[in-house]
Amino acid sequence: LPLLGATLIGCQPVVKTDEQHTIHVTGHAVTAVTPNQAHLTFNIEREGAELSTIKQQIDEVSAAILAALRAHDIDDEDITSYNMQAGPTYDYVDGKRIPRGFSASRSIKVYLAELDHYDAIIDHAFKAGASHLNQVQFSVREAEEIYQQLLAQAVAHAQQKAKKMAAASDSELGAVVTIHESSYAPPMRQEAAMMRMSDSASVSLPGKHDMQAQVNVTFAITP
């Protein structure tokens, strides 16, 4: 009897619900954008026997770099130069640690609201004594605004697809039941940076890069 009861339950008809009268689609939109701003990080590194001497050298190089940045109309509020590190250095001989002196470094972070002087700023920083250009982060100033426009286009694309699918299945498209954003505004793009010194005209071109938005939408349909 228990087996018969289980069999009868398994054969009961499935009751259709409103959730079955839906259609799920993905909409997307894409556009090509050109980066128009950048964040740079320069490093100044020095080693020597006296920490005070190294500190003075780094301060002199820092002052020269700041002067070059200001000459290119970079505001002080777009420059961060207080981060400095220092410590002893050692040599290891036959398993023994032998003091060699000291090393110190300072990082200078720069925000470029425009890329017109990008190459010239890098060249002048290295000529002033910068040791490394650690990274460059390119981004689009209007990224959030462009992304919001793409989201609206992605929703419209989803609706177009849903209409065609509903029509192909002899159904009528209804209202949106659910909608989910499955993308996000792009972060800043990091680029590996190479030290170079050049008096030539601008040779660094940011190019264009795709920005896209995607949504998942569920529509009600009437069979």
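Two strands are taken to pair if DSSP finds at least two bridges between them, strands being DSSP runs (E, at least two residues) and helices likewise (H or I, at least four), numbered from the N terminus. The model is predicted, so to set its limits: local features need pLDDT of at least 70, side-chain atom pairs count only at pLDDT 80 or more, and totals for chains, interfaces and linings use all residues. Residues are numbered from 1 along each chain as its sequence is written, and side-chain values use heavy atoms, with hydrogens and water left out.

Four helices and nine strands make up the protein's secondary structure, arranged along the sequence as α-β-β-α-β-β-β-α-β-α-β-β-β.

A good place to begin is the open sheet of three strands, whose order is E1-E9-E7 with antiparallel pairing. Its edge strands are E1 (22-33) and E7, each pairing on one side only. From one strand to the next, the twist averages 30°. Seven bridges join E7 to strand E9 (residues 209-222) in the antiparallel sense, and Glu-181 stands opposite Val-215 in E9. Helix H4 (residues 143-168) packs on this sheet and touches E1, E7 and E9; here contact means heavy atoms within 4.5 Å.

Strand E7 (residues 172-181) also holds Val-176. Val-176 has a relative accessible area of 45% and is therefore partly exposed, a class lying between buried (under 20%) and exposed (over 50%), with a 1.4 Å probe and protein chains only. Across the protein, buried residues account for 32% of the 223 residues.

Conventions:
Axes fitted to C-alpha atoms, helices over the stretch in contact; angles between N-to-C directions.
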